[in-house]
Each structure stands twice: as C-alpha cells, then as structure tokens.
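Open the model in your viewer and follow the stops below. Start with the whole chain, then move to single residues.

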Amino acid sequence: MLQTEIPEDTELGETPDAAAADVTATCSPAAPAGRRELFFQRCRWCGTPAYRRSFCRACGAMAFSRERSAGAGVVLRRNGHAHHNTWFVAMDEGFNLLCQVTGAAPFVVAVGARVTVVRVVAPSGQGVPVVELAEPVRPPERWW
Ligand SMILES: [Zn+2]
C-alpha cells in the first residue's frame, strides 16, 4: 500500500497550486455546515423513522431513504453515568438517539428539556451527536 501511495504524492507535488485550490474549494465551505446536519433513515415500506439501523424495527424491511433532520428534540432520559452527560433524545421527526449534552452541567439537564444539535459527531470521535439546551438555563444559586 505504501509503495502505491508514494507516486501519487509526487504527482500531486508537481502541481501544488492546483491541489491546494481544489482542497480549499471542496472542503472549506461545506465542512462547517455539514457538521450541523443530522440525517436519519425513513423506512421505504412503512415510513417509520430510524437512526443508524440496518433494518426497520416496525416491519423489518431493509430499504431506507435518507432524510435531513431539523435538529431539534426533547430529552427523554439519562444514559450511563451523570458526568458523561449523555441522554436519550426524541427528535421531532420521531426517532430517538443517544446524544451528549454540552454547555450545561448534568444536574441542570432535565427530562422534557428542548435541545438542538450542535455537532453531528462528538469531537473525540465517539460517534454520538452533541446537543445543547435550546432555552438558556439560569445558574443554580441554591440547589439543595
Ligand atoms: Zn418499516
């Protein structure tokens, strides 16, 4: 594999201006917008929405179409330890997924709170979308 990659690098090195221009034209404008777009699946047979499934949980079909989510949902319940701040979120389109809440302490997040998607994939690569609370939370003065 390395042997075949070396000649490609040298070929690109002969035209550095064209290669650099191509990279900036394709990656820069699309990258920030693409991170906020959350896509989900919709069963082509029964229309049930799903997220990262290989088959429909309602009818068992394996044919999905890909749709874009508006990125808004409601917190359902906590998942795992509190300091991970991961929650199951019911999106407005009707599918549930595991999300990591950012910008708010775990004890501030409540079941039923509205959230919006900030990043589709967490920065450390866990594959969990990152959401933040839609309404700003007042800082807790006395929680005891
Ligand atoms: Zn189905």
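Show the whole protein first. It has 144 residues, and 15% of them count as buried. Keep in mind that this is a predicted model.

Now colour by secondary structure. You should find three helices and eight strands. Trace the chain along the sequence: the pattern reads α-α-α-β-β-β-β-β-β-β-β. Turn on contacts next. Among those with a separation of 6 or more, 40% join residues 24 or more positions apart.

**Stop one: a sheet**

Select residues 38–43, which make up strand β1. Add β2 (49–50) and β3 (64–69). Together the three strands form an open sheet, ordered β2-β1-β3, with antiparallel pairing. Strands β2 and β3 are its edges, and each pairs on one side only. Strands of a sheet pair through backbone hydrogen bonds, so display those as well.

Zoom in on β1 and β2. Two bridges link these strands in the antiparallel sense. Which residue of β2 is the bridge partner of Arg42? Click on Pro49: that is the partner.

**Stop two: a loop**

Select β6 (96–101) and β7 (114–119), then the loop between them, where Val111 is found. Is Val111 buried or exposed? Val111 counts as exposed because it has 11 C-beta neighbours inside 10 Å, and the cut-off for exposed is 12 or fewer.

Next, select Val74. Val74 and Val111 lie 37 residues apart in sequence, yet their C-alpha atoms are 7.7 Å apart in space. Finish by adding Val75, Leu76 and Arg77. Val111 is in contact with these three residues, leaving aside its neighbours within four places in sequence.

Terms used. Residues numbered from 1 in each chain as written. Predicted model: local features only at pLDDT ≥ 70, side-chain atom pairs only at ≥ 80, totals over all residues. Pairing = 2+ DSSP bridges. Helix = DSSP H or I, 4+ residues; strand = E, 2+ residues; numbered from the N terminus. Buried ≥ 20, exposed ≤ 12 C-beta atoms within 10 Å, placed from the backbone. Contact = placed C-beta atoms within 7 Å.
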